[in-house]
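Me: I'd like a close look at the cysteines here, please. Could you also show me a little of the helix packing afterwards?

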Amino acid sequence: MKKNYGFWLVCALLISIQLAFSLRFMGRQYFSLDEVSQIGFIAKRNSWGKIIDYYLTSEVTNLPLWPLLAAVWYRVVPYGEGWMRLITVIFTTASIILLIKAGKSFGGEGTGLLTAVLSCISPIIMQKCGLTFRVHAFWLFFTALVLWLYIERNRRKENTTKDFVLLGLAMAGLAYSHYFGCLSIVYLFLLDILPFCRKMLHKKFIISYLIGGGSLIPWFILMLLKRTMNLEEFWPKVPTFESIPKALHYIVGNDEPLFILLILAMIYNLLVLLKAFRDRDEELEEKLYAAGFALMSIIFVFADYVYSAHINTRSGIFVTRYFISCVPAATLSIADFLNRILKVVRERTEVSKGILYGTVMAFTLLYIGAPNYYYDVKEEVSAPFDNTYGNVRDAIAAEGRLYDADTVVAINANRANADGFEEYYLEYGGSGRDVNVMSNEDGDIEERINNARYVYIYQVMSGTPDVYTELMGDAFEERWFDEDIGLYLFEKKQD
């Protein structure tokens, strides 16, 4: 009892450090391009039907569960980036707790403690998920929940229908979070085939997959019928072979020591599995699952590379952040592999468990975690692009003509981005008065430019705002350009 209390006390301390970090930094940055677009999709001016319609027609690469929850959150919390990101901090913290429980179930308290420290120092978990008002933290939560319930199901000798249903409901949440979550469900199903064939897994296991995968079928069919987006072409670049190690580095937060441990964990678990096959080991299923978790990252990354670089180059899906699906399994595998190493060290030395694990955890926290807590966030906060929407708002408002009828604010990005910027930074965050904002996707650009005297152009992405300046012709002249925030001002020439 005392031992378990001490375990959770240490975990609570680590979680508190992570949570303090998240609460400290969650409001430090203006929203990025993708966050502003997210707000555009769930804008207060949009009805619930319109939000759902977005994800059935034009935003079909994403799924609706997170946007609907985010829309509710957006409508009840006070104004401010910190308040908006609080929900992702909550989901991230809950994800860490689930990962710790998964680690403890999988490899004991040693693996659980190491999972705790690795989760709490991960820049992917802390920053890309916790400090971003996007689906990532929500997706991470359901991935961790499914992993924990999956391990619990495997750990028990007998499972009830309730166990399979609960796992299925978690899988349904994961399926509706992200399409790579659906791939995770397929992957776990493939891992279950051998145990089922060996009669080590009850046939009721299929209930989980019927609930998880079956629940998405109606949405998927409706999306295919209503979509307006061309699925034959997708924006990601064609990956090269070098993209594979880069993606694996991303999964472990670009930390070289953890990357090496992940590779070693893959090799170790694969060799153990092959030996178990050769020896017809009675614990084959347990070793199959361990190898499956360890190899998930390389299998996902390599399969995605083959598909995107050699099978469907026009519509590839190789995007590093999509491999967030692999972060929980990779973290668990590294923790379990490191725990096995420490067990060997304990057997061959007289070092106590507390001193050994405490030293390793403290070293990991200081050597790997400290830079993640400070330097990476400092770089993110000071990034010149994707964090400038508030600065653009301030620069335009300072000139005093933002709400004039002959002033146009042009966003060189999609309509959702313009909607998000207009509502959050120019209306909701300002006086609430209407402003004249247009996107390069609008059909009346030329008319609005002709009726304007002042045109502010926010160049969201790098490059030049040709889509607007070509329509201006010689009728406008550039007054100034703020390179730091990518903002132009053009004024119509007076006759």
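How many disulfides does a search of the whole structure find?

Reply: Happy to help! This is a predicted model, where local features need pLDDT of at least 70, side-chain atom pairs count only at pLDDT 80 or more, and totals for chains, interfaces and linings use all residues. Residues are numbered from 1 along each chain as its sequence is written, and side-chain values use heavy atoms, with hydrogens and water left out.

The search of the whole structure finds 0 disulfides (a disulfide is a pair of cysteine sulfur atoms within 2.5 Å). Take Cys120, which is in no disulfide: its nearest cysteine sulfur belongs to Cys11, 8.1 Å away. Cys120 has a relative accessible area of 0%, so it is buried (under 20% relative accessible area; exposed is over 50%, partly exposed in between, with a 1.4 Å probe and protein chains only). Cys326 is in no disulfide either, and the nearest cysteine sulfur, that of Cys129, lies 12 Å from it. Cys326 also counts as buried, at 0% relative accessibility.

Now for the helices (DSSP runs of H or I, at least four residues, numbered from the N terminus). H10, residues 179–197, packs with H15, residues 284–311, at an angle of about 145°, and their axes are 10 Å apart. Those axes are lines fitted to C-alpha atoms over the stretch in contact, with angles from 0 to 180 degrees between N-to-C directions. Among the residues making the contact (heavy atoms within 4.5 Å) are Phe180, Tyr187 and Leu191 of H10, and Leu288, Phe293 and Ile299 of H15. Elsewhere, H8 is mostly covered, with 17 of its 20 residues buried.

Notes:
Helices (H or I, at least four residues) and strands (E, at least two) are DSSP runs, numbered from the N terminus.
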